[in-house]
Number of protein chains: 2
Amino acid sequence: MTTHSDRFLRACRREPVDVTPVWFMRQAGRYMAEYRAIRQRYSLLDICRTPDLATEVTLQPVHRIEVDAAILFSDLLLPLEPMGIPFDFVKGEGPAIEHPLRSEADLARVRTFEPREALAHVLQTIRQVRQALDGRVPLIGFAGAPFTLASYAIEGGHSNTFAHTKALMYGEPAAWHRFAGQLAAIVADYLVAQIEAGVQAVQIFDSWVGALNAADYREFVLPHIRRIFEAVAGRGVPTIHFGTGTGAILPELREAGGDVIGADWRIPLDEAWQRIGFDRAIQGNLDPTLLLGPLDRLLAGAGEVLDRAGGRAGHIFNLGHGILPMTPLEHVQALARYVHQYVPA
Amino acid sequence: MTTHSDRFLRACRREPVDVTPVWFMRQAGRYMAEYRAIRQRYSLLDICRTPDLATEVTLQPVHRIEVDAAILFSDLLLPLEPMGIPFDFVKGEGPAIEHPLRSEADLARVRTFEPREALAHVLQTIRQVRQALDGRVPLIGFAGAPFTLASYAIEGGHSNTFAHTKALMYGEPAAWHRFAGQLAAIVADYLVAQIEAGVQAVQIFDSWVGALNAADYREFVLPHIRRIFEAVAGRGVPTIHFGTGTGAILPELREAGGDVIGADWRIPLDEAWQRIGFDRAIQGNLDPTLLLGPLDRLLAGAGEVLDRAGGRAGHIFNLGHGILPMTPLEHVQALARYVHQYVPA
């Protein structure tokens, strides 16, 4: 019999489950009063760097919402600092990199590092969370993918056009491939360290890769992502490959790797799954803004996602992107309950 | 024989042309030294509101680049001010709306206006540009579409998530439909006034509508856009319907209206055209960031777009979005020449 603790991992392996597992990207975050209370005293980076705080925040949604997995509370950008790319979070504006990398010389100065030393606090958080969870639900680790990490380092923060990143890619392809390869090696090593510390699945966030078309994805991204999945393969933990706006490149994401491919709300789940191939699991794909509207519309949207999954083994319910700060907690709770109570038509 | 002056209009109607017509979104703009010289003395809104300046800027790319159409220099947001939604442009951050509309009461205060009075300066610019062009190339007019305009008014500027806009759409659908209907009526009237003043084609920019999936597009956007195209139909000018990130909703955009449907670079041109249907013309779809890289890669990318169009009547070459400020003028010039010299394989 499937129990609460392994529903998520079984679905990653496309094994039958009692009900569809659910978790939410950014399930620990500003929409929770418990989280905001901690953020009044500590910065985002303080929390990430303090295992007791990161553990507490990781567990907050597990206590309040019927989620089938916990995800390590951390930030995609943590590896940048030990690479020699300092950054901070500017209130209301997201991450700001102090000296964006714009030239081949800038890229050449980037350092590789030992995550077991420089990010030891993340690994310590993983051990503490596993102990606190005591098998209740599995713990997901994660890292940013090379394109997404590179875009922050090169643009200096979030971008709408990725102009500097693409200009460097097109203009200095050898330098791009060296940098993306270095990022891939770092990310692979960091994920392996997370697995050794105890995470039971890993998600690679290539959040902004939907800005590329299939040809550019194949040339500039796919070989590097594949290297990450190859490094993690065979370590007994499922891998999830996530991006947004990827409707046109889902076959390429699948080819790059991942036992589970994430899809966002722009494409119906059944079409996305067909493009990916039914021999992979799928994660998604409700529009997170539906959580801001009325409950009946939210649950109707969730029902449609589940109908499109059609009860096929290998669907993990999630949003198409992270929970937004202004989301009511009760809606997240009701959504998780709805997914668990759903009976296929 | 096709002449320089009607190549663009013939392609809009899917009639044979001597060579593929080309123009560029934001072909007048910061990447041109002539434009920057004017911007040193006048703000963006000053230029939009002064027919002599707007005429001069509209003509700048026509003098320097082999484009087959001019596009009115103006801004999508101009109709907001006479609607009672004042805004300004903040250096480096884009548009900022003083009091974003967040409630049903905010929406109820929005005014309708007579574009022939409130935006008389735009219509005067159109008359002056037509006179100056003297038939050399046709002039395209434009307006923002209801979703895109509403998103600026509701979010207060550019958004990555469209959270407030969608929350209002889902939560107050009746208020949304009233507001979107009011925007559609204003946009339709504004475009008819532009046509009366002399524009020879109109483009509707629904730049951010790719944030919606097909079901939401059908419910919240399609009826309003259709009303605009119906109001403009039969006035003898072709209509272009543009958005970005729309790979999954191209059939819905086509259904909403437009003789020409715009597509961005995320989806290959031939696939996009197939999704739209070959009984419509297509505009696009080179990634504007290719203009920032080396010339050989730029022209190879352009060649691929043209190969995918396959010499079929009804392709207008353009970028998938506007020219970026850091683009070298010589690349834009070389790209237009390349399109004109291209011989199908």
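Modeller: Two strands pair if DSSP finds at least two bridges between them; strands are DSSP runs of E with at least two residues and helices are runs of H or I with at least four, numbered from the N terminus. The model is predicted, and local features need pLDDT of at least 70, side-chain atom pairs count only at pLDDT 80 or more, and totals for chains, interfaces and linings use all residues. Residues are numbered from 1 along each chain as its sequence is written, while chains are lettered from A and ligands numbered from 1 in the order in which they are written.

Colleague: What makes β6(A) and β7(A) a pair?

Modeller: Strand β6 (residues 239-242) and strand β7 (residues 260-262) of chain A are joined by two bridges, and at least two are required. The two strands are therefore paired, in the parallel sense. In β7(A), V260(A) is the bridge partner of I240(A).

Colleague: How many bridges join β5(A) to β6(A), and which residue stands opposite V202(A)?

Modeller: Four bridges join these parallel strands, and T239(A) in β6(A) stands opposite V202(A). Strand β5 (residues 201-205) of chain A is also joined by five bridges to strand β4 (residues 139-144) of chain A, again in parallel. Within that pair, F142(A) has Q203(A) as its bridge partner.

Colleague: Why are β1 and β9 of chain A said to stand at the edges?

Modeller: The seven strands of the open sheet in chain A have the order β1-β4-β5-β6-β7-β8-β9, with parallel pairing. β1 (70-71) and β9 (315-319) each have a single partner strand, so one side of each is left without a neighbour in the sheet. For β9(A), five bridges lead to β8(A), which runs parallel to it; the bridge partner of I282(A) is H315(A).

Colleague: What makes β9(A) largely enclosed?

Modeller: A residue is buried if 20 or more other C-beta atoms lie within 10 Å of its own, exposed if 12 or fewer, and partly exposed in between, with C-beta atoms placed from the backbone. Five of the five residues of β9(A) are buried, so the strand is largely enclosed by the rest of the structure. One face holds H315(A), F317(A) and L319(A), and the other holds I316(A) and N318(A). In general, the side chains of a regular strand alternate between the two faces of the sheet. Both faces are covered in β6(A) too, with T239(A) and H241(A) buried on one side and I240(A) and F242(A) on the other.

Colleague: Why is R14(B) called partly exposed, and why is F162(B) called buried?

Modeller: R14(B) has 19 other C-beta atoms within 10 Å and is therefore partly exposed. F162(B) has 22 such atoms and is therefore buried. R14(B) lies in the loop between α1 (7-12) and α2 (33-39) of chain B, and F162(B) in the loop between α8 and α9 of chain B.

Colleague: What is the phi of R14(B), and what is that of F162(B)?

Modeller: Neither residue is a glycine, yet phi is positive: about 60° for R14(B) and near 55° for F162(B). Most residues other than glycine have a negative phi, and most peptide bonds are trans. The peptide bond from G284(A) to N285(A) is cis, with omega near -5°; N285(A) is found in strand β8 of chain A.

Colleague: What span should the residues of helix α16(A) have, and which of them are buried?

Modeller: The expected span is 1.5 Å times one less than the number of residues. For the 13 residues of α16 (residues 329-341) of chain A this gives 18 Å, and the end C-alpha atoms are 19 Å apart, which agrees. V332(A), L335(A), A336(A) and V339(A) are buried. They cover an arc of only 95° around the axis (taken from the directions from the helix axis to the C-beta atoms), which puts them on the same side of α16(A). E330(A) and Q341(A), on the other side, are exposed.

Colleague: Why are chains A and B described as related by a two-fold rotation axis?

Modeller: The copies are superposed by least squares on the C-alpha atoms of residues with pLDDT of at least 70 in both. A turn of 180° and a shift of 0.0 Å along the axis lay chain A on chain B with an RMSD of 0.0 Å. The two copies are thus related as by a two-fold rotation axis.
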